[in-house]
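Please open the model in your viewer and keep the sequence panel beside it. The stops below are meant to be selected one after another.

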Amino acid sequence: MQRNGRLCGRGFSRVRIRAQNDNYDDEDDDDDEDGLENLLGKKLGINIGAQLPALSPEEIEDIRMQAQATLDKAIDGRLADIEKLREQMEQDLAQSRKRMDTASQLNVQYEKQNLMEKIDRLSDEFLSANADFREGTKKAAAADQLAASSGRGVDWGSWGTVGGMDVVLGPREGILLGSVAAARKRATLGDDDQPLVATDNRMLVVVDEKKSKGSDKVMERLKFLLREAFDSEVIVDTYTPTGNIPIGGKNAQTALIFASSLNDRSSLENLLGRVLKRTAPVAGSAPGMPPSHVVIVSGIGTERTNKMPYSMQNLLGGKLDKLREIEQAIISISRSRIVGKQTPLDYTIVKFGDISTSDGNDVANVDIRPGDVLDGEICPNAAANVLLQALAYQPYARNSTLCSTGCLPEGTTIDTWNDKFLCLSGPELLRVDVGPGIVSDDAILDPKFEQLSQYIQEWSATFEGDRKGTGLTTPVLVRKSRKPASKFDGVVARSGVRILFQTTNTGDRYKSASEEKLEEKERSGGGTVKKSSKPLTTKTSKEGGVEVLVEKTTDGSIRVRARRCNMDHKTIVKEMSEGVIVKNLSRAVDSWLKAKGASS
């Protein structure tokens with residue numbers, strides 16, 4: 001201990017001396033380092049562990065627990081700091097998103113304001129540049145809206161009262177191509193009369209002559225007939241289905257489309273979607289008007305693909321099925337036009353047989369029937385004349401389907417055409433000629449006509465009341481016909497009856513047994529019925545019927561015709577009941593003729 005003390009004192013004195021004097025001797029310093037090295041690994045004589053008391057297990061456990069608590073406290077504090085940091089970051093992120101949303105909204109409002117200012121500026125410039133034409137545009141739109149609200153077209157589709165030959169004109173003044181008024185006025189003009197007012201008549205034709213055989217000859221003849229029919233030139237714009245057809249059809253009054261030139265239904269829908277669009281007015285002209293009448297040239301047999309020979313024609317590629325889809329497409333497009341918002345559209349479907357290479361025998365008479373019932377070929381001249389009548393002269397061709405075959409004899413007059421197209425009114429179900437009437441100088445009325453009219457009245461009474469024994473499957477009402485005589489129809493006297501079908505629980509009115517029980521329960525008070533705050537208004541649907549007419553024609557002959565009546569596009573045709581009525585009518589007229597002949 002003393003040695004160690006001395007060493008320590010010696011070392012201390014040396015350190016103090018070195019602190020006081022920086023210029024110490026290097027040799028003395030080396031001696032001190034050698035002395036410290038000699039003490040390494042030797043005990044200094046102090047055992048601190050021996051002097052401390054031993055710890056008990058409880059004290060050791062207490063120390064361990066205190067150390068663990070201190071460690072947990074430190075970890076918890078660190079976790080709390082981390083949680084606070086996370087919350088702070090979430091708050092900062094939410095504030096950043098809020099600032100970004102606010103900035104985005106402000107940018108949108110700014111761009112919107114700039115766009116609206118630009119639109120307003122362009123609108124003002126456009127209105128200022130076209131101020132001279134706005135008044136005419138308003139008048140044209142008002143005229144179109146008035147015509148559309150009445151359910152009638154404004155150009156070729158503008159048929160009014162058929163009997164009185166009234167026609168609703170569109171916004172443009174003058175005679176329109178294809179109007180009934182134009183046909184009547186031209187037919188009555190004399191040599192000394194003033195000519196018709198010249199108008200810009202235009203027709204749009206869509207045809208592929210390679211696909212539609214014989215169409216070139218028909219169109220060549222039709223163009224010639226149009227030049228002969230109207231005083232002013234008729235502009236015929238011809239396009240192929242794949243050509244660049246202008247929007248709005250270049251303001252054509254009508255569109256003539258050959259269905260065999262199209263691929264399928266979608267081709268027609270795309271084509272009409274472009275042609276039927278209205279175009280904006282250009283400087284110095286009236287607003288653009290799309291075609292108001294579309295004529296589809298199709299083929300016979302499209303509704304008889306289950307019968308020979310049309311089933312064989314349709315066997316490869318479904319040619320007739322595609323034509324039928326195109327026919328149904330134009331009907332659907334015409335009926336889906338929105339009244340008051342879109343220009344009304346009339347359609348005419350003309351079904352021809354194969355077009356022959358020449359006009360053939362001029363003695364053969366062209367035949368026209370509603371629907372798809374004829375067979376055979378048609379001559380190019382006859383086909384062109386049928387199209388001309390459907391386009392320009394015959395109101396019964398509007399919204400109708402007709403078929404035509406045969407050739408056209410020379411000297412066919414407009415009265416002959418009117419009589420041929422008369423079968424489309426209804427359409428016609430039966431026509432029976434009963435011979436010439438009885439005309440005398442003393443009698444004002446024709447006794448034969450009056451007797452036949454009375455006979456038809458009595459015959460129709462058999463369908464009233466209990467329908468047992470009549471063969472009808474549908475209840476009917478018998479009412480007097482109010483259809484007047486018409487010179488356009490070639491009729492100077494007319495009378496008849498209307499046999500109207502009544503509502504039955506068939507079709508969409510059919511109710512199941514559970515529905516009938518529920519209605520019975522509601523009527524007996526066992527169920528609750530929800531009452532609407534608004535009164536329920538229902539429109540009586542048209543159930544169809546058969547109108548039987550006794551007519552005396554302008555040439556003095558008498559005939560009996562049966563036609564459909566009380567119809568619209570939603571009416572379900574009751575073919576069985578119609579067939580019963582027509583069959584009974586035919587037998588009744590035959591019996592009357594036999595009785596008349598026996599009495600004579």
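The tour goes from a sheet to the cores and then to a group of antiparallel strands. Bear in mind throughout that this is a predicted model.

**The seven-stranded sheet**

Begin by selecting the seven strands that form an open sheet of mixed pairing, whose order reads β2-β1-β3-β4-β5-β7-β6. At its edges you will find β2 (234–239) and β6 (367–370), each of which pairs on one side only. Looking across the sheet, the twist from one strand to the next averages 20 degrees.

Now restrict the selection to β3 (residues 254–258) and β4 (residues 293–299), which are joined in the parallel sense by five bridges; T254 has H293 of β4 as its bridge partner. Adding helix α10 (residues 319–335) shows an element that packs on the sheet, where it touches both β4 and β5 (346–352), and the direction of α10 makes about 165 degrees with that of β5.

**The nonpolar cores**

Which residues have the most contacts inside the largest nonpolar core? Select L222, L256, V350, F352, V386, L387 and F421, which hold that place in a core of 42 residues. At least two residues of this core come from each of β1 (201–206), α7 (215–229), β3, β4, β5, α11 (380–393) and α12 (414–421), and the largest share, 10 residues, is supplied by α11.

Centre the view on L256 and display its surroundings: leaving aside residues up to four places away in sequence, L256 touches L204, V205, V206, M219, L222, V295, V297 and L387. Apart from the 42-residue core lies another, of 30 residues, and A255, V275, A329 and I333 are among its members. As background, nonpolar side chains in soluble globular proteins tend to be buried together.

**Strand β12 and its partners**

Move next to β12 (residues 557–565), a mostly covered strand in which eight of the nine residues are buried. Show β8 (residues 428–436) together with it, and you will see an antiparallel pair joined by seven bridges, within which L430 stands opposite A562 of β12.

Then add β11 (residues 545–553), which also pairs with β12 in the antiparallel sense, over eight bridges; here L549 of β11 has R561 of β12 as its bridge partner. Finish at the hairpin that β11 and β12 make, where three residues lie between the strands and G556 takes a positive phi near 90 degrees.

Key:
Residues numbered from 1 in each chain as written. Predicted model: local features only at pLDDT ≥ 70, side-chain atom pairs only at ≥ 80, totals over all residues. Heavy atoms only, no water. Buried < 20%, exposed > 50% of the residue type's maximum accessible area, 1.4 Å probe, protein only. Helix = DSSP H or I, 4+ residues; strand = E, 2+ residues; numbered from the N terminus. Pairing = 2+ DSSP bridges. Axes fitted to C-alpha atoms, helices over the stretch in contact; angles between N-to-C directions. Contact = heavy atoms within 4.5 Å. Core = buried A, V, L, I, M, F, W, Y, C linked by side-chain atoms within 4.5 Å.
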